[in-house]
Structure formats: C-alpha cells, structure tokens
Amino acid sequence: MARNKEALLLLIDVSPPMHRLLPEVEKLCSMLIQKKLIYSKSDEVGIVIFGTEETENELMVEVGGYEHVMVFWHVKVVDIDLFKALHKLPRGNTVGDFLDALVVGLDMLLKKFGPTNKGKQRLCLITSAQHLTKEPYEGTKEDQVDAISAQMKAHGIRLDCIIVRGKLTVPVDQKIIEENDQLLNRFSKKTNAKVVHVDNPISLCGALRTRNVSPVTIFRGDLELTSLMKIKVWVYKKTSVEKLPTLKKYSEEAPPTDKYASREVKVDYEYKSLDDSSKVVPPEQRIKGYRYGPQVVPISSAEWEAVKFKPEKGVKLLGFTDASNIMRHHYMKDVYVVIPEPGHVKAIVAVSAVAKAMKDLNKVAIMRCVWRQGQANVSIGLLTPNISSMDNVPDSFYLNILPFAEDIREFQFPSFSNFPSSLQPNKEQQVAADNFVTSLDLASPDKEEALKPDLTPNPVLERFYEFLELKAKQPDAEVPPLDRSFKQITEPDPELFSKSKTVLDVIRNKFVLKENPKIKKSTRRLWRDKPSTSNEREDLQEEGPEIESGDVTRSSLVKKVDEIGNLTPIQDFEAMMARRDSPIWVSKAIKGMKVFIYDLLENSYKGDTCDQAVECLIALRRGCILEQEPAEFNQFMQYLCHKCKENDLKEFLKLLRTRQITLISKKEAEDSSVEEDAAKNFLVKTEAVD
C-alpha cells in the first residue's frame with residue numbers, strides 16, 4: 001500500500017432539500033477526483049447516497065434498519081469512470097438520515113481495511129441536515145454519536161462534515177435543525193472531525209479539501225524565554241501555497257499499443273572542455289564559480305562549507321513589543337503554529353499562561369528561529385497568542401516570519417495631506433468616497449461575508465483541473481467558457497453594484513473628470529514637416545511637450561535631467577524629484593541640491609549669493625516634505641546654521657528669519673522627529689546664540 005494513500009468515502013444527501021444544490025455537489029466531487037488523479041493516483045474513493053427510495057447496503061441485509069441508504073460506488077482506486085457516475089447522481093424523494101449514512105460508511109471502511117491504513121481514512125458528509133434522525137434502539141442519539149466517534153477515533157478515521165443550507169425556500173422545523181447541528185458539532189468534540197456551514201455555491205466549492213495532509217513538525221524542542229525558563233513545544237506549518245502541478249515532457253516515439261511505455265523525456269547534460277570540445281569533463285574535475293565583476297572566482301565545496309553560517313538550533317525569545325508596532329504587511333512566507341508538547345501538562349499550562357498574559361497586555365514576542373541543526377539561515381519570527389475557545393484544544397501561538405532590512409522595499413509615496421487644499425477632496429467628496437467603500441464591503445456586519453478566504457477556491461487552479469479533465473476525454477477540445485461559480489469570484493458582483501447604484505451616481509457627480517488643457521495633444525507633425533525657422537520652433541515650444549511626430553513624442557526626445565545645473569537649479573531639482581524610472585533620483589536630487597546650496601554659501605562674497613541659496617533651500621524643503629524625507633532637510637538645516645555662524649554669514653541667517661524658513665515638523669511630515677514648537681523656536685534659539 002502506498003505510503004500516502006488515502007481512502008475517502010463520500011456520504012451525499014440526495015433528499016428533496018438538496019435537489020437544487022446537487023449540481024454544485026457533483027461539480028465539487030468532480031473537482032476532488034480531478035485533483036486526486038493528478039496528485040494521488042493510488043487514492044481510493046467511494047460514494048454512499050442517502051435519502052433515496054431504494055436501499056442497498058450490507059448492514060441492511062445483516063442487521064436491518066438502515067433504510068434509504070445506498071452504496072452508489074464501492075471504495076476503489078480513482079479512475080475516469082467515476083466522473084461519469086458523479087454526473088448521474090439520483091434525486092431522492094424521501095428523508096435522509098445522516099447518522100445511518102455515517103454508520104454504513106464506517107462499516108464499509110472497517111470491513112475493507114480493518115486495522116490497516118490507520119490515519120489514512122476519511123469520511124466526508126455532505127447534507128442539509130434538515131430531517132429528523134431516527135431514535136436508536138438503545139440509548140439516546142448522543143450515545144449513538146459517542147459510539148460512532150469512539151470507533152472512528154480507534155481506527156484513525158477523520159470526518160469532514162459540510163452542512164449546505166443557504167436560503168431556505170420551504171418552512172422547516174427550527175428545533176430539528178438545532179438538534180442536528182448539536183449532534184454534528186458533538187463529533188468535533190469527540191473525534192477528529194471538522195464541521196463547516198456553507199450557504200452558496202462558491203463556499204461549497206472551497207469547503208472540501210482534496211487531501212488532508214498529515215501534519216509534520218518542523219521543530220520539536222524548547223521555546224527558550226530565558227536561560228532558566230524553557231517550554232517544550234512543537235511547531236507545525238499552518239498554511240502553505242498550493243501551486244499548479246508540474247508539467248512533464250512526454251514523447252510520442254513509443255508505440256501507442258505499448259501500455260507499459262513510460263514515454264517520459266529524460267535530459268542528460270555533458271560538460272566539455274573549451275580547449276577541446278570533444279573531451280567530456282568528469283564530475284570530479286568540475287568546480288563551481290561565482291561572478292565577481294568581469295571575472296569568475298572558483299570556490300570548492302570544502303571552502304563553501306567552511307564559510308557557511310551554521311547557527312545553533314533553537315527558538316529563543318528576543319523581546320516583547322506592543323502589537324501595534326508590527327505591521328501586518330511585513331509578514332513573510334508561510335504561517336506556523338506553535339503548540340505545547342502533547343501530553344506535557346506543565347508545557348500546556350506554561351504556554352496558556354504566557355499566551356493569556358500577552359493577550360491581556362496586547363503584546364507580541366520577537367523570536368530567533370533556527371528549525372534544525374546545520375541550517376544555513378536564521379529567521380526572525382513574530383509570536384502572536386492564539387487563545388482556544390474549545391475545552392479540549394490547548395492555547396497556542398501563531399508564528400509569522402518578519403523581514404530583515406534587506407527584505408524591505410521602501411516605496412516613496414508623498415502624503416495627500418502635503419498637497420495644497422485645491423488638490424485635496426472637500427467634505428462632500430470625502431463622504432461620497434467613504435459611502436462608496438462601505439457599499440461595496442464584502443464583509444458588512446448586516447449580512448454574511450461573501451468570498452470567505454477559507455472557503456473560496458482558487459479559480460486558476462480549478463479552471464486548470466477542469467480543462468485537463470476535458471482534454472483527457474477530448475484531445476482536440478477547446479478551452480471552455482468560464483464557469484458561472486468562478487465568474488462570481490473573478491468578476492464584479494452585478495447584484496452588489498445594482499444595490500449601490502445611488503452611491504455610484506453620487507460619487508460620479510462629486511468627482512467630475514475634466515480635460516487638462518496643459519497636456520492637450522496638438523496636431524500631429526511628420527518628420528518631413530519639422531519646423532525650419534526659429535519662429536516655428538518657438539511656436540512648437542509654446543505648444544507643450546506632447547507634440548507628436550509619427551510614433552515618437554517630443555517628450556521622449558527631450559533629455560532627462562540627471563544633475564542640478566547652475567542655470568536652472570530649482571527646475572532641475574524638481575525634474576529629478578519627479579522622475580520615477582528609478583528610486584535613486586529622489587536621494588540623488590536631494591544630495592545634489594545640498595551640494596549646490598553649500599557651494600553658493602561657500603563662494604559667497606558679502607552675501608551676494610544668499611538670495612539664490614534661500615530660494616534653493618525653500619525648494620529643497622518643499623521637496624523633502626512631498627517625498628517624506630524630513631530628516632534629510634532638518635539635518636542639513638542645522639548644519640547650515642552652524643556653518644553660517646562659523647563663516648560669519650549673518651545675511652543668510654537674517655533671510656531665513658525673514659522668510660520664516662524653519663525645520664520640518666511632525667505636523668508637516670509624519671516621519672519627522674521635530675515637534676511643531678521646537679521647529680518654530682529653532683531660529684529663535686539660533687538668534688539667541690548669536
């Protein structure tokens with residue numbers, strides 16, 4: 001038996017309340033089989049339906065009583081024929097008892113596998129749970145649930161329960177629904193079971209996982225808070241990315257009648273000498289090389305091992321901080337869950353105490369993580385408390401990997417508050433924008449959340465599997481149109497937009513698009529019609545930078561400013577700050593303007609360049625505010641004032657006071673470390689020193 005082989009038995013309710021949802025259930029099961037054919041060719045799948053007029057199961061023959069339950073497909077290895085059967089599910093016309101179906105399904109798995117395949121068996125119940133279940137011959141329904149749970153737990157059988165109701169179109173007894181929900185939730189407390197409620201086709205498609213991968217620890221050891229306080233923990237992966245299956249190359253050279261031909265294409269590489277192309281270099285004569293400028297530096301495997309960083313295995317606390325200090329967009333890679341060592345009472349109590357204290361104080365922990373001995377890298381993780389709401393599940397932590405300085409990309413976007421009032425929205429526009437966002441909220445408090453992350457399937461993956469199944473049946477088939485369910489994921493919801501029509505009309509009226517005359521395109525000119533006289537050139541200069549010549553715009557012919565010149569330093573500075581073809585231009589423009597201002601003051605004769613230096617300083621201040629670089633200006637301003645006192649440039653300081661040029665405060669730029677009062681009093685303090 002294959003190591004990762006799984007046996008899955010689908011228990012599908014086909015009673016009348018499920019009729020309108022059965023097409024979606026059939027599609028859900030088809031998607032499941034598609035993935036199993038790709039990833040797990042040795043997996044076995046069976047189908048039991050209940051709520052039918054017919055009865056066909058072994059327990060009915062052996063002991064009787066299990067009526068309206070039919071074995072639709074016996075448990076066997078998945079194949080293409082199962083697809084055809086899934087599209088022919090009968091529609092029942094009687095009530096469906098999910099407890100009877102569970103007993104029949106459990107009996108099938110126990111008879112087929114017995115004590116083998118433990119932990120690799122799964123039951124999946126798909127039902128509306130709207131019908132009253134029968135009273136057992138002995139005991140209560142709760143006792144029956146406990147007995148089923150005990151058998152499942154003893155044989156390592158898991159249960160996925162999907163309750164599909166949506167909007168109820170017929171009146172139902174609410175007491176029956178509540179009783180059934182309590183019975184199904186009881187499974188999750190007594191055995192390894194998961195209960196999911198879905199109310200729409202999209203959530204149904206994402207409710208059933210292809211395979212439940214057995215969790216494997218990536219770390220078992222001590223969570224070291226101090227050298228004297230250590231907690232035994234296990235670390236698992238909480239999430240992982242599911243990628244498209246790897247496409248392999250196959251050859252058609254093998255005879256079509258040869259069933260045992262693998263048809264796989266294998267690639268072999270040969271390394272040959274540059275001096276003699278016919279000579280093959282054996283592996284022992286090869287060595288890796290790394291580029292360093294124009295040359296290649298050879299480094300042997302022994303040397304590479306010697307320079308490798310080999311940290312010590314362990315998870316150690318570096319410190320605590322407020323949760324508000326960590327930005328969620330800094331989380332990297334996958335999420336891990338840190339649990340106390342199972343069965344270790346002291347570890348469970350210690351983790352619970354630390355987690356609850358962190359929760360009460362709104363703190364998170366910064367950890368140093370090395371999962372295994374000899375690992376080549378160190379991770380910095382963020383530990384967040386996870387307080388359990390279930391009595392049989394202990395408290396734990398979530399661990400997110402944080403970036404190092406080299407991993408962060410700082411994109412410089414100026415704050416809208418720094419723009420003039422004419423470019424900022426008025427109060428009515430702000431209200432219209434707020435209402436627009438609220439009206440399109442997918443998780444509004446007055447209704448069920450749409451597109452739940454844990455129940456929304458990836459449309460790219462599902463479309464790939466769907467097309468792969470179609471190509472397996474029809475090799476010449478074209479790509480089918482997008483499925484209706486997936487359209488609801490990838491396209492705007494027309495119902496939501498129709499309800500928000502009034503809000504959309506308001507925001508359309510408040511934000512009127514107008515043509516900007518400054519960038520209005522002028523008449524096209526061909527190269528042969530280029531101006532020949534100076535007057536025509538002046539006319540073209542007045543027309544603006546967007547004059548086109550064929551497919552080339554005039555703006556593309558103008559040389560971009562890459563340094564601050566002596567003739568138009570302010571214009572050059574603003575042009576460099578506006579460039580977005582590389583992130584270096586902002587820092588280069590600021591540095592260049594600093595050097596230009598300093599040279600003006602250094603070469604000043606009786607203050608003749610002070611006026612120009614002040615104008616350039618004002619432009620620098622304005623640019624640093626827009627680009628959120630207050631520290632660059634403030635440090636330079638303090639440096640200038642200090643130098644001016646040394647070089648006796650009182651005229652420049654006087655101009656600063658007259659023009660009221662001060663440091664950039666927090667009110668003007670959030671990143672500034674200077675308070676507003678300190679910024680205003682900066683020149684006053686300078687004058688007092690003088």
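Is Tyr269 buried or exposed? I began with this residue in what is a predicted model, and I noted that Tyr269 is exposed, with a relative accessible area of 68%. I then looked up where Tyr269 sits, and found it in the loop between β8 (230-237) and β9 (289-292). Tyr269 belongs to a nonpolar surface patch that also takes in Val265, Val267 and Tyr271, and the accessible area of the four together comes to about 470 Å².

**Entry: the open sheet**

I next traced the open sheet, which has six strands in the order β3-β2-β1-β4-β5-β6 and mixed pairing. Its edge strands are β3 (69-77) and β6 (193-198), each of which pairs on one side only, and the twist from one strand to the next averages 15°.

Within this sheet I looked up the pairing of β1 with β4, and I recorded that strand β1 (residues 7-13) and strand β4 (residues 121-127) run parallel and are joined by six bridges. As a point of reference on the two strands, I wrote down that Ile12 stands opposite Ile126 in β4.

Which helix lies across β1, β2, β3, β4 and β5? I found that this is α4 (residues 98-113), and that α4 runs at about 160° to β4. For the remaining ranges I noted β2 as 44-50 and β5 as 157-164.

**Entry: the closed barrel**

I then turned to the closed barrel, whose seven strands run β7-β8-β12-β15-β14-β13-β11, again with mixed pairing. Here the twist averages 35° from one strand to the next.

I followed β7 to both of the strands listed beside it in my notes. Strand β7 (residues 219-224) runs antiparallel to β8, with six bridges between them, and a hairpin of five residues leads from β7 to β8. The bridge partner of Arg220 is Trp234 in β8. Towards strand β11 (residues 314-322), β7 runs parallel and is joined by two bridges, and Leu223 stands opposite Val315 in β11.

How many bridges pair β14 with β15? I read off seven bridges, in the antiparallel sense, between strand β14 (residues 379-386) and strand β15 (residues 396-402), and I noted that Ile380 has Leu402 in β15 as its bridge partner.

**Entry: salt bridges**

The count of salt bridges comes to 34, and I looked up three of them individually.

The side chains of Arg91 and Glu26 meet at 2.9 Å, N to O. This pair links distant parts of the chain, 65 residues apart, with Arg91 in the loop between α3 (81-86) and α4 and Glu26 in helix α1 (residues 22-39). I checked the burial of both partners, and found that Arg91 is partly exposed at a relative accessible area of 37%, whereas Glu26 is buried at 8%.

For Lys141 and Glu135 the salt bridge has an N to O distance of 3.9 Å, which I set against the cut-off of 4 Å for counting such a pair. Lys141 is buried, with a relative accessible area of 3%, while Glu135 is exposed, with 59%.

The salt bridge between Lys363 and Asp322 has an N to O distance of 2.8 Å. Why do I record that Lys363 and Asp322 tie together parts that are 41 residues apart in sequence? Lys363 lies in strand β13 (residues 363-370) and Asp322 in strand β11, so the pair ties those parts together. Both partners have intermediate accessibility: Lys363 counts as partly exposed at 28%, and Asp322 counts as partly exposed at 31%.

I also recorded one network of salt bridges with shared partners, which joins Glu6, Lys36, Asp43, Arg122, Arg158 and Asp160.

**Entry: Glu462**

My last look-up was Glu462, which I found in helix α11 (residues 459-473). Its relative accessible area is 4%, and because buried means under 20%, I entered Glu462 as buried. Which residues is Glu462 in contact with, leaving aside its neighbours within four places in sequence? I listed Met31, Lys35, Pro457 and Phe486.

Definitions and conventions: Residues are numbered from 1 along each chain as its sequence is written. This is a predicted model: local features need pLDDT of at least 70, side-chain atom pairs count only at pLDDT 80 or more; totals for chains, interfaces and linings use all residues. Side-chain values use heavy atoms; hydrogens and water are left out. Two strands pair if DSSP finds at least two bridges between them. Helices (H or I, at least four residues) and strands (E, at least two) are DSSP runs, numbered from the N terminus. Axes are lines fitted to C-alpha atoms, for helices over the stretch in contact, and angles run from 0 to 180 degrees between N-to-C directions. Contact means heavy atoms within 4.5 Å. Patches are made of residues with over 30% relative accessible area and no salt bridge: like charges are joined within 9 Å, nonpolar side chains (Val, Leu, Ile, Met, Phe, Trp, Tyr) within 5 Å. Accessible areas come from the Shrake-Rupley method with a 1.4 Å probe; for residues, only the protein chains shown count as cover. Buried means under 20% relative accessible area, exposed over 50%, partly exposed in between (1.4 Å probe, protein chains only).
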